[in-house]
Amino acid sequence: MRLSICKKFTALLLMVLPLFAQIDNGNITGRVTDPSGAVIAGAQVTITQTAMNFKNITQTNEEGIYRAQSLRPGPYRVSVVAAGFKNLIRDGIDLRIGDTLAVNIMLEIGAVSDSVLVTAAAGLLETETSATGTVVGGDMFYSLPVYQRNIKNILYYTPGLTYSGMNWAGSLNSMHINGLRSSNIGFFEDGALGTTGDGMTTDSILNTIEDVKVLTTTLPAEYGHSAGGVISVVKKSGTNELHGIASMYGRTRRLQHRKFFDKYQNSQATPPYNTPPGLLFYQPDANLSGPVYIPKVYDGRNKTFFMIAYQWMVEKQSKQQVSTVPTPEMLNGDFSIGGLGQGIYDPRTTRQDAQGNWTRDPYPGNIIPRSQWSKVAQNVLGRNPYIPQNTAGSATTSGVTNNLLTGPVKIVRWDSISGRLDQQFGPNLKAYLTWTGNSRWERQPPWTVAGSFFDYSKNIGHTWINTWGTGTTWVVTPTLVSDLRLTYYRYNQKNDSITLGNDYATQLGISGLPKDAMPGIWP
């Protein structure tokens with residue numbers, strides 16, 4: 001019974017292989033020949049990831065072809081040994097995410113104890129797939145002055161991208177690859193799907209990234225559900241050397257120019273506020289990676305590696321905003337607007353005249369007497385909900401527009417933590433565990449509302465994103481590989497509203513509404 005279960009489990013592992021073959025890795029393949037061009041069968045080929053000393057051992061088939069699959073991006077060395085030929089070592093191979101590199105080897109006749117080292121060769125072309133796109137190395141991307149360090153900024157460097165409106169790289173919304181909807185763009189981190197198709201994705205920490213690739217056309221089968229393109233992110237792994245970084249990226253008020261149409265400087269108070277809004281943006285980050293090493297207990301060099309990283313963003317900014325609020329006259333029922341106002345009619349006087357036409361009586365002077373205000377209107381306006389106008393604005397027949405200039409302050413805190421663990425159990429069995437967690441807290445104040453009763457700035461938004469991935473790569477035979485992946489993605493958003501438990505409807509005299517209802521007074 002136990003043997004039967006073991007066989008079934010092994011069969012399950014083998015069936016999983018094709019599903020996510022190249023989402024976060026690459027392949028090295030090639031043909032081994034002698035000086036005459038004849039193929040060499042049965043040659044032993046060792047592919048080594050030189051930073052971690054992870055090895056993949058395979059051999060050439062009867063056609064002299066070898067293939068190493070599911071390899072992590074990074075630096076590689078290929079070593080070939082065959083009876084009657086000198087050992088050849090090809091070093092300096094740079095494997096990028098999604099690559100299938102053809103590394104062909106020609107062995108020289110001689111003793112196996114002799115070695116030929118090739119350290120410089122022509123650049124390898126990726127000819128094994130028809131997929132096209134853009135690959136950017138993580139270190140290069142990290143060195144760019146990318147605001148907020150959002151990984152989705154990669155799309156701005158990708159041919160075929162279009163976007164509409166005030167696009168923000170923190171979300172895929174309004175971004176389009178080859179004209180398709182943003183909901184069709186797939187996002188993967190270390191092979192784990194990191195989006196639900198709503199525009200929001202995992203926020204990968206920039207200092208952890210080995211490679212990021214955008215696929216735009218002719219997507220391989222494993223990306224079939226992402227018709228609008230794919231962003232695939234691969235995080236760095238630890239190496240045999242302990243390595244860490246810490247940096248600070250940001251700006252203050254003195255480093256921020258005044259916008260062209262802004263009336264006030266960042267050092268000046270913007271009405272109706274009494275203190276300058278200021279400006280603050282800082283984003284510290286750090287990471288640490290290396291072998292898992294516990295003195296006298298465990299030495300993980302060449303076997304077990306870790307990488308942990310943290311990134312924190314705090315942003316406080318003020319935006320000078322032109323808005324529209326009711327004038328003092330309108331708040332007192334006077335809608336004459338200096339004689340421009342459209343006529344306002346008393347609905348209680350609705351009637352038919354002798355000719356059968358419906359008619360109403362206008363309010364004299366377009367002024368609604370306070371005695372005719374509803375109890376709800378009196379309760380709302382009695383709390384002085386609007387910031388008083390501070391500019392003349394423009395008068396029209398329906399009211400005065402753009403008569404308020406304010407500088408509300410928005411505050412955002414964005415924490416991200418990430419980690420990866422890699423384990424080599426042997427040349428034919430490797431495993432990994434990866435995780436990224438994001439937490440975003442923000443407060444967005446209204447532009448027109450005053451007073452504590454209607455203060456929407458007390459509405460707090462909080463978002464959590466968790467992306468987990470684990471997998472094993474088992475080389476069963478040189479021609480049979482099992483690649484098992486398990487991933488988990490969770491997106492959770494919560495809004496703390498000022499309406500919770502306050503029963504605004506009852507306080508304002510509105511009947512028939514639930515206790516968590518809030519009247520919309522923000523024009």
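Let me start with Thr499, which is buried in this predicted model, its relative accessible area coming out at 6%, and since burial here is called under 20%, that value falls within the cut-off. As for where Thr499 sits along the chain, its place is in the loop between β31 and α5, the latter covering 504–508. Which residues is Thr499 in contact with, once its neighbours within four places in sequence are left aside? They are Tyr504, Lys515, Asp516, Ala517 and Met518, and for Ala517 I can add that its C-alpha lies 6.6 Å from that of Thr499, although the two residues are 18 apart in sequence.

The strand that precedes this loop, β31, takes us to a sheet, and so let me describe that sheet next. Seven strands make it up, in the order β17-β18-β21-β28-β29-β30-β31, and the sheet is open, with antiparallel pairing. Its edge strands are β17, residues 243–252, and β31, residues 480–496, each of which pairs on one side only. On average, and with direction ignored, neighbouring strands of this sheet are turned by 5 degrees against each other. At the β17 edge, the partner is β18, residues 280–291, and these two strands pair in the antiparallel sense over 10 bridges, with Thr252 standing opposite Leu280 in β18.

Now to the other open sheet that I would like to show you, which has five strands in the order β3-β2-β5-β6-β9 and whose pairing is mixed. Here β3, residues 54–59, and β9, residues 115–118, stand at the edges, and because each has a single partner strand, one side of each is left without a neighbour in the sheet. The twist from one strand to the next averages 20 degrees. If you look at the β3 edge, you will find that β2, residues 44–49, pairs with β3 in the antiparallel sense over six bridges, and that Gln44 stands opposite Gln59 in β3. As a general reminder, strands of a sheet pair through backbone hydrogen bonds, and they do so either parallel or antiparallel.

Finally, let me turn to β15, residues 209–217, and ask how many of its nine residues are buried. Seven of them are, and therefore this strand is largely enclosed by the rest of the structure. Strand β15 pairs with β16, residues 230–235, in the antiparallel sense over six bridges, and within that pairing the bridge partner of Val212 is Val233 in β16.

Terms used: Residues are numbered from 1 along each chain as its sequence is written. This is a predicted model: local features need pLDDT of at least 70, side-chain atom pairs count only at pLDDT 80 or more; totals for chains, interfaces and linings use all residues. Side-chain values use heavy atoms; hydrogens and water are left out. Two strands pair if DSSP finds at least two bridges between them. Helices (H or I, at least four residues) and strands (E, at least two) are DSSP runs, numbered from the N terminus. Axes are lines fitted to C-alpha atoms, for helices over the stretch in contact, and angles run from 0 to 180 degrees between N-to-C directions. Buried means under 20% relative accessible area, exposed over 50%, partly exposed in between (1.4 Å probe, protein chains only). Contact means heavy atoms within 4.5 Å.
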